[in-house]
Amino acid sequence: MNPYGYFDDAAREYVITRPDTPLPWLNYLGSDEYFGLCTNTAGGYTFWKDAKLRRISRYRYNNMPMDLGGRYLYVRDGDVVWNPGWKPTKTALDHYECRHGLGYTKIVGRKDSVEVELLFFVPPGENTEVWKTTIRNTGDVAKSITLFSFIEFCLFEANNDMTNYQRTYSIGEVEVEGAGIYHKTEYRERRNHYALFGCTRPVDGFDTSRDAFVGVHNGLNDPDVPLRGKSRNSIGHGWNPIGSHQINLTLAPGASESFAFILAYVEQGDEPKFDKRFVMNKSVGRAELERYSRPGAVDAAFAKVEAYWDNLLARFQTECPDPHASRMLNTWNQYQCMATFNLSRSASLFETGIGRGMGFRDSNQDILGFVHMIPERARQRILDIASTQLVDGTCYHQYQPLTKKGNAEIGGNFNDDHLWLVLSTASYLRETGDRSILDAAIGYADVPGSTDSLLHHLETSIAYTLRERGPHRLPLIGHADWNDCLNLNCFSTEPNESFQLIGDVEGSKAESVMIAGLFLYAAREMVSMYKWLGRPADADRVQSYYDDMLATVEEQAWDGEWYIRAFDAAGNPVGSKSCEEGKIFIESQAWCVLGGAGASNGRAKQAMESVHKYLYTPDGIILQQPAYSEYHLELGEISSYPPGYKENAGIFCHNNTWINLGWCLLGDGDRALEYYLSICPSAKEDKIDTYRCEPYVYAQMIAGRDADTPGEAKNSWLTGTAAWTFLSVSQGLLGIQPSYEGLRVDPCIPKSWPGFSVSRMYRGTTYNITVDNPSGICQGVRRMTVDGVVVDGNVIPPSASGGMVDVRVVLGA
Ligand code: BGC
Ligand code: NOJ
């Protein structure tokens with residue numbers, strides 16, 4: 001039992017029944033360019049495209065309370081001031097409920113017979129956030145209340161906004177026109193955009209100066225204007241611009257009133273910038289407010305959000321015996337895949353939006369869970385990412401979503417980055433069959449005017465790893481591979497340095513077995529791709545690279561019971577029985593097995609059994625064991641974390657999913673499901689006070705058994721776990737695998753499952769697939785019929801019907 005809420009599976013909502021959740025529980029609004037973070041107490045902020053460069057409203061991270069600042073509505077009833085989402089006043093409510101749904105959050109608060117419902121959403125394709133507001137008098141006497149809305153504007157560049165006060169305290173500018181509050185800082189000089197906070201009904205007052213509304217010595221919990229009951233009609237000059245409307249309402253018993261606030265981001269197009277000196281041309285914003293003020297406009301916009309998600313989720317739906325797997329796959333996991341695709345690791349309750357932009361490796365992996373939803377957007381993303389690759393094969397590790405330019409401060413030399421591009425491209429090709437992407441002219445970031453194709457980039461990636469190898473002929477690691485904290489060239493003794501950026505990678509000999517495994521996987525993808533393209537000579541060429549790397553892995557990296565993780569700069573093994581701590585790591589077992597190592601000599605099975613014996617716990621698989629208890633200069637950040645947290649023997653959920661795929665490869669569906677459930681948030685509801693994060697989205701990390709708080713999750717929402725779990729369950733466990741030849745069905749399920757069904761849209765046709773497991777096995781398709789006709793093998797021949805195709809699969813020997 002979760003005392004804080006429950007899944008409403010039919011409504012596809014998570015319902016939070018009390019506001020004091022163990023941590024703020026977050027949702028996202030928006031799916032294209034305008035995004036909002038919204039917690040269960042209406043906290044959070046909004047931005048357009050880029051949480052650093054175009055932030056619309058303010059948020060102070062790591063505040064006290066942790067989540068403060070957001071979309072607030074103050075209700076003044078007599079002398080009592082309250083908020084429907086409880087915070088910031090925290091006045092006790094008679095009733096509270098928050099429903100986090102797909103692209104919207106609905107918060108209902110009731111006190112003394114006044115019920116306020118706030119529905120926050122961003123319609124698809126729009127740059128406007130809507131707060132549908134409904135006030136009901138649920139009692140039997142008339143009620144007169146006053147409402148005050150509140151938003152604090154960010155001066156658009158979020159980093160400057162919170163660091164450069166000598167400037168920002170003097171530049172804030174606003175204009176007010178009727179119920180429209182326009183935030184126009186820097187509009188006169190360099191910006192062609194502004195924000196509008198408007199109300200669709202006439203207002204009885206407004207404020208735009210924070211000092212006037214909140215008071216210099218007050219906080220959001222006791223803001224001056226709601227306490228005194230009357231707006232000041234302030235115009236902010238410099239300091240901190242805000243938006244607040246006053247609305248006076250009298251409601252008869254049983255009566256209700258509904259209207260909306262809108263928060264819009266507006267970019268001026270061809271229209272003149274100014275109406276007259278210092279007065280901006282507000283025509284676009286004004287029209288937006290008018291549009292939303294028309295009867296039915298708000299509900300029609302919300303219907304678009306619902307239709308958007310109905311359509312997207314319909315592409316993959318399953319009915320399977322495990323309720324957690326069903327609800328996560330059908331709804332929340334896919335939903336989380338959209339968030340990670342859109343935001344990479346930039347803006348969550350754990351990522352401030354001013355640090356990382358889009359990560360090269362992260363965004364490529366996010367494609368894997370997203371590509372079936374909107375392949376066209378995945379295509380564009382792949383090309384954007386590829387264009388931040390350099391001609392020698394390295395890549396900018398991160399890039400800014402607004403400019404799409406690589407981040408020069410962070411640079412490259414994370415020697416796994418480029419290989420993930422092969423995986424994302426292959427997943428796009430297998431999903432769509434659109435080979436034209438390979439010819440797209442994108443060029444290299446360091447060669448102005450270059451137009452090399454995506455296929456050229458893939459070859460450059462493969463060539464880089466083949467070339468950059470160390471003394472054991474294994475790939476050089478550079479600053480780090482997937483595990484950002486295994487910094488084998490860093491040797492940092494200075495606390496002011498970044499583990500990732502310091503250290504001389506030039507000439508260093510540290511090598512990564514994980515990259516070798518990832519290379520095997522990527523090379524195999526390339527071989528299949530070339531065969532499909534009808535280029536057997538290229539397929540053979542890449543196969544020879546594969547064979548060579550496989551032989552190297554088997555010769556150099558087997559430790560007796562598992563694969564070594566790496567060789568450090570001095571050539572000593574990392575993740576070997578000969579090490580005192582960190583004897584066995586998860587990543588090299590996963591990638592060697594997934595890349596096909598150990599398949600013919602029993603080592604794959606042995607490596608996986610070692611994972612089970614040494615790393616698996618009921619809370620998930622620990623990254624390595626034993627945890628590092630001391631700082632190791634030669635290993636870097638990994639040994640800087642206290643034991644049990646993050647990369648130092650935490651449960652890094654992302655890489656758990658690779659092991660699950662490994663079990664599917666080996667045909668053990670019981671293990672695959674058991675492991676899946678160990679990190680599944682929906683399965684954490686009975687220990688939510690320990691787990692603490694949202695039960696509807698995966699977290700990056702769960703504290704491992706060496707930690708002082710084992711089982712405690714952190715860093716929810718923006719994690720590679722989303723894409724990889726969707727892949728490992730939909731393609732591994734349920735075995736619905738897009739392939740070059742068509743949709744392959746190759747489940748690996750628990751023996752106890754009698755069967756399951758999946759409806760999957762693939763290349764425009766919907767396949768309704770029913771799988772029966774009469775003899776209680778994990779893996780092996782005995783018979784498959786497609787629209788009643790028996791077919792050979794387990795690949796559904798492609799159909800261009802665009803309609804429905806009925807597929808029956810029977811498992812058996
Ligand atoms: C974290 C990693 C992260 C890296 C780069 C480290 O402090 O532990 O998980 O990938 O920073 O941002
Ligand atoms: C989080 C980072 O975003 C990702 O790139 C990295 O692979 C993992 N941490 C593991 O260190």
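Biologist: What makes the pair formed by Lys-646 and ligand 1 a polar contact?

Modeller: An N or O atom in the Lys-646 side chain is 3.1 Å from an oxygen atom of ligand 1. A polar contact is a pair of N or O atoms within 3.5 Å; within protein, one must be able to donate a hydrogen and the other to accept it, and residues adjacent in sequence count only if both atoms are side-chain atoms. The distance of 3.1 Å is within 3.5 Å, so the pair qualifies. This is a predicted model: local features need pLDDT of at least 70, side-chain atom pairs need 80 or more, and totals for chains, interfaces and linings use all residues. Residues count from 1 along each chain as written, chains are lettered from A and ligands numbered from 1 in written order, and side-chain values use heavy atoms, without hydrogens or water.

Biologist: Which distances put Tyr-641 and Glu-647 in polar contact with ligand 1?

Modeller: For Tyr-641, a polar side-chain atom is 2.6 Å from a ligand 1 oxygen. For Glu-647, the distance from a side-chain N or O atom to an oxygen of ligand 1 is 2.7 Å. Alone, ligand 1 exposes 310 Å², and the protein buries 78% of that (Shrake-Rupley method, 1.4 Å probe; for residues, only the protein chains shown count as cover).

Biologist: How do you know what surrounds ligand 2?

Modeller: A residue is near if one of its heavy atoms lies within 4 Å. The shell includes Arg-345, Arg-361 and Asn-483. By class, the shell holds 2 nonpolar, 2 polar and 6 charged residues.

Biologist: Which atoms of Arg-356, Asp-362 and Trp-482 pair with ligand 2?

Modeller: Arg-356 brings a side-chain N or O atom to 2.8 Å from a ligand 2 oxygen. Asp-362 also uses a side-chain N or O atom, at 2.8 Å. Trp-482 uses a polar backbone atom, 2.5 Å from an oxygen of ligand 2. Of the 300 Å² that ligand 2 exposes alone, the protein buries 93%.

Biologist: Why is Ser-730 called buried?

Modeller: Buried means under 20% relative accessible area, exposed over 50%, partly exposed in between (1.4 Å probe, protein chains only). Ser-730 has 3%, so it is buried. Ser-730 sits in helix H19, residues 721-733. A polar atom of its side chain is 2.5 Å from the backbone oxygen of Phe-726.

Biologist: And why is Tyr-165 called partly exposed?

Modeller: Its relative accessibility is 35%, so Tyr-165 falls in between. Tyr-165 belongs to helix H2, residues 165-171.

How values were computed. Helices (H or I, at least four residues) and strands (E, at least two) are DSSP runs, numbered from the N terminus. Ala, Val, Leu, Ile, Met, Phe, Trp, Tyr, Cys and Pro count as nonpolar, Asp, Glu, Lys and Arg as charged, and the others, Gly among them, as polar.
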